Amino acid sequence: MSWPQSSDPSPYGPPPPSDGWPGPGPQVPPPPQGPPPVSRTSIVVALFLVAVLAGSALFAAGFTLGLQQSLTPGTAESEQELFAPFWEAYRKVTAEYVGSFEPRDLVEGAIQGMFGALGDPYSSYMTSDEYRQSLEGIEGSFEGIGATMDSFLADGTDCTTLGDGCELVVEGVLPGSPAEQGGVLAGDRLVAVDDRSVEGSTIDEVVDRVRGPRGTDVRLSLLRDGQPVELTLTRDVIERSAVQATTLADGRVGLVRVDGFSSGAADDLRSAIEEQLAGGTQGVILDLRDDPGGYVDAALEVASQFVADGPIYWDEYADGTTVPHEALDGGVATDPAIPVVVLVNGGTASASEIVAGALADTGRATLVGETTFGKGTVQQWHLLSGESGGFRLSVAKWLTPDRTWVHGVGITPDVLVEPGAPDAADAQLDRALGLVLAALDGTPGPSAATGASPSPPPVPASAPLGSPVAS
């Protein structure tokens, strides 16, 4: 049995589980049954097991060397001819290839090729390490130093491959983390990890080198105000909160930002909103910008804090069957007297789109910002037996309460607002605040057509946080 998940820890790659992230977690499949003995004279019989990603089943295939005949016991009779070329190629490689190889590498390569043939960026094979790291990213808990980093060119634009002006910059350090205790500061430029230069690497590759088992050391070579700084840090378990909360307009409006839908995100959000309402806030701004998604269960719980009843989203399976996921009881902000505005942009994807779509379709919130990413599939995460890695597979579409499929299209907000210059006030948050205050004061809000609105106090551009990669 496997558990559905909502997007890759990120839609960009690792999304997006796709669009509702996995439930409790993958389970190890039952051990495969061995094939019946094959008896022939003058031939050598070799048995190889290949994982076929059809539910949790494995099939065993035997083949004979020296004969143009493939025996695949355990495979359906109708598929014997289909799999014959695979075993023919496998037999040829293992019998005659002049170089060295590991049979496990051939099997894993075949599985990887199977997923590549699907042409689905959200369905993919992962090694055991990749599988573990992907789930750690979704869970919001990992082993590392507790610093967030991003890559920029000198003009502030994003870049991918480090070097030639593309620098890896520390965006921040988590309180109490090894990075903070060891002296890492926001603004530091990372130039080498364990005396190995970061040039030519991607940010993800460098983050993999910075992370590592708890209790092990990592040496960072940094540039701080142009001066070299060498630090040795001891890695630890890092718990990263996906929810950040503050208040605006003298406490009248609560701002809650969700950076990802980990297993604990819904509880953290509920606690934050409860605390804000108890302190006198009257309206809520839910900031889902650059939120790549996470677990679908978390998305259901978050949306249920605002929507009292009815479906939050629907699953549609390959056979056309649709299954509604109803709002959960006990939401803390379902009262229509509490105005809600949701901030979205092109980085709002997967599980965060489930929440945005639910609040929009039910009329519970006004959406402000830019069109969302558009990831409308649900992935199932599955761990293969042994050390053969695992995979995520798109197994369903998710639909908004009105049964709209947003895949490849995204959700267009009610009020379109461009983000503005990086060093300017946050125009999108400024507009959202104006909407909430207008609703509280009983004055007309902006229309989607004109975008006209009252002018609340400007909000600093630094109020909403970005989504750098955590190390």
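Student: Is Y90 buried or exposed?
Tutor: Keep in mind that we're looking at a predicted model. Anything under 20% relative accessible area counts as buried. Y90 has a relative accessible area of 6%, so the word for Y90 is buried.

Student: And what about F86, which word fits its relative accessible area?
Tutor: Between 20% and 50%, a residue counts as partly exposed. F86 comes out at 28%, so call F86 partly exposed.

Student: How are the rings of F86 and Y90 arranged, stacked or tilted?
Tutor: Let's start with the count: the structure holds 6 aromatic pairs. For F86 and Y90, the ring centres are 6.2 Å apart and the planes make an angle of 35°. Planes under 30 degrees apart would be stacked and over 60 edge-to-face, so this pair is tilted.

Student: Which residues form one aromatic cluster?
Tutor: Two of them we've just met: F86 and Y90 sit 4 residues apart in helix α1 (residues 80–96), so about one helical turn separates them. W87 belongs to the cluster too, which makes the full set F86, W87 and Y90.

Student: How many residues apart in sequence are the parts that F115 and F391 tie together?
Tutor: The rings of F115 and F391 have centres 5.2 Å apart and planes at 35°, so they make a tilted pair. Both residues are buried. F115 is in helix α2 (residues 103–116) and F391 in strand β22 (residues 390–399), so the parts they tie together are 276 residues apart.

Student: Which residue lies over the face of W314?
Tutor: Over the face of Y122 you'll find K375, at 4.3 Å from the ring centre. For W314, the distance to the ring centre is 3.6 Å, and the residue is R403.

Notes: Residues are numbered from 1 along each chain as its sequence is written. This is a predicted model: local features need pLDDT of at least 70, side-chain atom pairs count only at pLDDT 80 or more; totals for chains, interfaces and linings use all residues. Side-chain values use heavy atoms; hydrogens and water are left out. Rings of Phe, Tyr and Trp (its six-membered ring) pair if their centres lie within 6.5 Å; planes under 30 degrees apart count as stacked, over 60 as edge-to-face and the rest as tilted. Helices (H or I, at least four residues) and strands (E, at least two) are DSSP runs, numbered from the N terminus. Buried means under 20% relative accessible area, exposed over 50%, partly exposed in between (1.4 Å probe, protein chains only). A charge sits over a ring if NZ of Lys or CZ of Arg is within 6 Å of the ring centre and within 35 degrees of the ring normal.
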